[in-house]
Amino acid sequence: MSYVTAQHLTKRFGDNTVFEDVAFSIEQGEFITLLGPSGCGKSTLLRSLAGLNPVDGGIIKVDGEDITHLSPQQRGIGMVFQSYALFPNMTVQGNIAFGLKMKKLSADVVEREVAKVIELVDLTGKEKHYPHQLSGGQRQRVALARALVVKPRILLLDEPLSALDAKIRKHLRQQIRDIQKEMNLTTIFVTHDQEEAMIMSDRIFLMNKGEIVQAGTPEEIYTHPANEFVAGFMGHYN
Ligand code: ADP
Ligand code: MG
């Protein structure tokens, strides 16, 4: 059985059905990109997996466990958003340690775990800095460290690079991928950027209007588009 499985997932906001009867499965350690045009439901689907948008129907399992009705904290999921949701009045260290607050660990253990992820995301020397003293890329690395410090079973990334300029974006793509591989961390990465999806993913789930219209390796999707939408959407990439 796959590490993550979703079946019959449905989400509505009032009369607006964002997705209906969505299904997929993901293997442990896979890097999946949820790719699709703006408004197609990527963020809503990701937030549903995280427990931030409870689904109206369907079932989500991780490692055989039904997590559909668990709270976000119970799911063992780390999430990073597009905009740096850091606490402005806390240092880098404080922001990252905040992720461990719920766990009631000793100060020693917190310090050690925080130091480990600071090194992992390459922020050594910035421990005492405040968010306003950091670049956009550095802030996103703090957000990533905060998601990683709790040792999540799954990492969810919602357009974490979209607000950054091109050079930093390329560097961070590689860094995220390196860390993800090193930790063998099952990851779902949301983007509307075809190039990013082609470069980074083990597999792409291409979404349109609330449906996963094709799932496959970047090469499969690019060379064997399942329909006109896929061909057109991937055709913009060159
Ligand atoms: P994407 O991330 O692919 O751009 P979203 O998941 O943000 O798409 O949005 C998909 C649809 O869900 C849109 O029609 C959007 O208006 C709607 N939607 C998203 N979040 C909410 C919300 N909290 N309340 C009402 N409608 C929402
Ligand atoms: Mg979105």
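The legends below walk through close-up views of a predicted model of one protein chain with its ligand.

**Figure 1. The whole chain sets the scene for the close-ups.** The protein chain holds eight helices and ten strands. Its radius of gyration is 18 Å, close to the 18 Å that the globule rule gives for 238 residues, so the chain is as compact as a globular protein of that length. Taken along the principal axes, the C-alpha atoms fill a box of roughly 55 × 40 × 35 Å. Of the 238 residues, 38% are buried. If you like contact maps, here is a handy figure: among contacts between residues at least 6 apart in sequence, 66% join residues at least 24 apart.

**Figure 2. Here we meet ligand 1 and the residues around it.** Which residues make up this shell? They are F13, N16, V18, G36, S38, G39, C40, G41, K42, S43 and T44. Sorted by class, the shell has three nonpolar, seven polar and one charged residues. Two elements, β2 (16–26) and α1 (42–50), each supply at least two residues. The largest share, three residues, comes from α1.

**Figure 3. An open sheet includes strand β2, which also helps to surround the ligand.** Four strands are arranged in the order β2-β1-β4-β5, and their pairing is antiparallel. Strands β2 and β5 (65–66) sit at the edges, each pairing on one side only. Between β1 (residues 4–13) and β2 there are seven bridges, again in the antiparallel sense. To find your place in this pair, look for R12, which stands opposite T17 in β2.

**Figure 4. Strand β6 is buried on both faces.** From this strand (residues 77–80), I77 and M79 point one way. G78 and V80 point the other way, and all of these residues are buried. The partner shown here is β7 (residues 154–158), which pairs with β6 in the parallel sense over four bridges. Within that pair, G78 stands opposite L155.

**Figure 5. Helix α4 is mostly covered.** This helix (residues 136–148) has 13 residues and reaches 18 Å from its first C-alpha to its last, close to the 18 Å expected at 1.5 Å a residue. How many of its residues are buried? Eleven of the 13 are, including Q138, R139, V142 and L148. What do the buried residues pack against? Their partners are the strands β6 and β7 together with the helices α2 (92–98), α3 (107–120) and α5 (166–183).

**Figure 6. A closer look at N95 in helix α2.** Is N95 buried or exposed? It is buried, because 24 other C-beta atoms lie within 10 Å, and 20 or more are enough to count as buried. Leaving aside neighbours within four places in sequence, N95 is in contact with L86, F87, M90, V142 and R146. Two of these, V142 and R146, are among the buried residues of α4. A85 is ten residues from N95 in sequence, and the two C-alpha atoms are 9.7 Å apart in space.

**Figure 7. Strands β9 and β10 form a hairpin.** The two strands, β9 (residues 203–208) and β10 (residues 211–216), pair in the antiparallel sense over five bridges. Look for M207, whose bridge partner in β10 is I212. Two residues lie between the strands, and K209 in the turn has a positive phi of about 45°.

Terms used:
Residues are numbered from 1 along each chain as its sequence is written. Chains are lettered from A and ligands numbered from 1 in the order in which they are written. This is a predicted model: local features need pLDDT of at least 70, side-chain atom pairs count only at pLDDT 80 or more; totals for chains, interfaces and linings use all residues. A residue is near a molecule or strand if its C-beta atom, placed from the backbone, lies within 6 Å of it. Ala, Val, Leu, Ile, Met, Phe, Trp, Tyr, Cys and Pro count as nonpolar, Asp, Glu, Lys and Arg as charged, and the others, Gly among them, as polar. A residue is buried if 20 or more other C-beta atoms lie within 10 Å of its own, exposed if 12 or fewer, and partly exposed in between; C-beta atoms are placed from the backbone. Two strands pair if DSSP finds at least two bridges between them. The expected span of a helix is 1.5 Å times one less than its number of residues. Two residues are in contact if their C-beta atoms, placed from the backbone, lie within 7 Å. The radius of gyration is taken over C-alpha atoms; the globule rule is 2.2 Å times the number of residues to the power 0.38.
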